[in-house]
Amino acid sequence: MDWKSLEGLLSGANKYSTIFGRIWLSIVFVFRVMVFVVAAERVWSDDQANFDCDTRQPGCKNVCYNHFFPVSHIRLWSLQLIFVTCPSFLVVLHVAYREERERKYRIKYGEHARLYDNTGQKHGGLWWTYLLSLLFKTAIELGFLYLLHLMYDSFKLPRRVKCGVSPCPNVVDCYVARPTEKTVFTYFMVAASMVCVVLNLCEIFYLITVRLLMMKRQGTARPASKRIISEKKDLM
């Protein structure tokens, strides 16, 4: 997977993010993608080859491995990182749509005409797009954490598992390669994912709070402006 291309695409979304969004992106690439690429992939590279069972029955080892590891941690984390970063592209696409509308508007009404004060400013539809992207990212993070917990019953990998799936002749003991090391990386990735969830929730709360404060200021400013207009009319 070309993670550099993904980073380049997300850098465009980073321009329109709040401080929480910038911290989120840093954690994703420093504590998740880099750890995933540099260390985690190597830890799980030999997991099936070093998965041993107390039998030489053909097919038993592969069936037991597939039974206890239906989806590899590495592939699951790869999907998680891809899906969790995709909602950020909604913001980039919305800004590109605004810029295209701005370009057509200037062609029609002149170079100095402006449709938006700032195409990247989070107002109107872009605010809702940004909020929805945060909700999607949070839901995806929690969904993958639940899926990981559901598949492996817990985040801790056992040293030994008992397998009685056909074609195994009976219940046999199978041994997981480097379970402690894999458990440490699993806990680390889960912790990094939870930190990202907290940052997303903080950013959602921040966006809604700022929006409510702006609406309150606009609500108090309107009566004052109406009062000034009425005073001017009385003087005229």
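These questions and answers go through a predicted model of one protein.

User: How many helices and strands does the secondary structure of the protein come to?

Analyst: From the N terminus on, the elements run α-α-β-α-α-α-α-β-β-α. In total, the secondary structure comes to 7 helices and 3 strands.

User: In which sense do strands S2 and S3 pair, and over how many bridges?

Analyst: Strand S2 covers residues 160–163, and strand S3 covers residues 172–175. One residue to look at is Val161, whose bridge partner in S3 is Cys174. The sense of the pairing between S2 and S3 is antiparallel, over 4 bridges.

User: Which residue in S3 is the bridge partner of Asp52?

Analyst: Strand S1 is made of residues 52–53. S1 and S3 pair in the antiparallel sense over 2 bridges. The partner of Asp52 in S3 is Tyr175.

User: What is the volume of the largest pocket?

Analyst: The lining of this largest pocket includes His67, Phe68, Phe69 and Pro70, as well as Met151, Tyr152 and Asp153. By class, its lining has 8 nonpolar, 2 polar and 2 charged residues. The volume of the largest pocket is about 200 Å³.

User: Which helices each supply at least two residues of the lining of the largest pocket?

Analyst: Among the lining residues are His67, Phe68, Met151 and Tyr152. One of the helices spans 60–68 and the other spans 125–152. They are H3 and H6.

User: Is Phe69, a lining residue of the largest pocket, buried or exposed?

Analyst: A residue counts as buried if its relative accessible area is under 20%. The relative accessible area of Phe69 is 12%. Because 12% falls under that cut-off, Phe69 is buried.

User: How do the rings of Phe69 and Tyr152 pair: stacked, edge-to-face or tilted?

Analyst: A pair of aromatic rings is described by the distance of the centres and the angle of the planes. For Phe69 and Tyr152 the centres are 5.9 Å apart and the planes are at 45 degrees. Planes under 30 degrees apart count as stacked and those over 60 as edge-to-face, so this pair falls in the remaining class. The pair is tilted.

User: How many residues apart are Phe69 and Tyr152?

Analyst: Phe69 is in the loop between H3 and H4, and Tyr152 is in helix H6. Their pair links distant parts of the chain. The two are 83 residues apart.

User: Which residues form one aromatic cluster with Phe69 and Tyr152?

Analyst: The structure holds 8 aromatic pairs. Tyr152 counts as buried at 13% relative accessibility. The cluster also takes in Phe51 and Tyr65.

User: Which helix gives the largest share of the lining of the second largest pocket?

Analyst: The second largest pocket has a volume of about 160 Å³. Of its 11 lining residues, the closest to the centre are Lys122, Trp127, Leu207, Val210 and Met214. By class, the lining divides into 5 nonpolar, 4 polar and 2 charged residues. The largest share, 5 residues, comes from helix H7.

User: How far from the ring centre of Trp127 is the charged end of Arg211?

Analyst: Trp127 is among the residues closest to the centre of the second largest pocket. The charged end of Arg211 sits over the ring of Trp127. The distance to the ring centre is 4.5 Å.

User: Which residue lies over the face of Trp24?

Analyst: A charge sits over a ring only if, among other conditions, NZ of Lys or CZ of Arg is within 6 Å of the ring centre. Here the distance from the ring centre is 3.8 Å. The residue over the face of Trp24 is Lys137.

User: How much space lies in the second largest cavity?

Analyst: A search of the whole structure finds 3 cavities of 30 Å³ or more. The lining of the second largest one includes Arg32, Trp77, Phe144 and Met189, and its residues divide into 7 nonpolar, 2 polar and 1 charged. Helices H4, H6 and H7 each supply at least two of the lining residues. The space in this cavity is about 60 Å³.

User: Which residue does a cis peptide bond join to Ser166?

Analyst: Most peptide bonds are trans. In this bond, omega is about 15 degrees. The partner is found in the loop between S2 and S3. Ser166 is joined to Pro167.

Conventions: Residues are numbered from 1 along each chain as its sequence is written. This is a predicted model: local features need pLDDT of at least 70, side-chain atom pairs count only at pLDDT 80 or more; totals for chains, interfaces and linings use all residues. Side-chain values use heavy atoms; hydrogens and water are left out. On a 1 Å grid over the protein atoms alone, a cavity is a set of points where a 1.4 Å probe fits but cannot get out, and a pocket is an open set with protein on both sides within 12 Å along at least five of seven lines; lining residues have an atom within 4 Å of a point. Grid points are joined across faces, edges and corners, and a volume is the space filled by probe spheres set on the points. Ala, Val, Leu, Ile, Met, Phe, Trp, Tyr, Cys and Pro count as nonpolar, Asp, Glu, Lys and Arg as charged, and the others, Gly among them, as polar. Two strands pair if DSSP finds at least two bridges between them. Rings of Phe, Tyr and Trp (its six-membered ring) pair if their centres lie within 6.5 Å; planes under 30 degrees apart count as stacked, over 60 as edge-to-face and the rest as tilted. Buried means under 20% relative accessible area, exposed over 50%, partly exposed in between (1.4 Å probe, protein chains only). A charge sits over a ring if NZ of Lys or CZ of Arg is within 6 Å of the ring centre and within 35 degrees of the ring normal.
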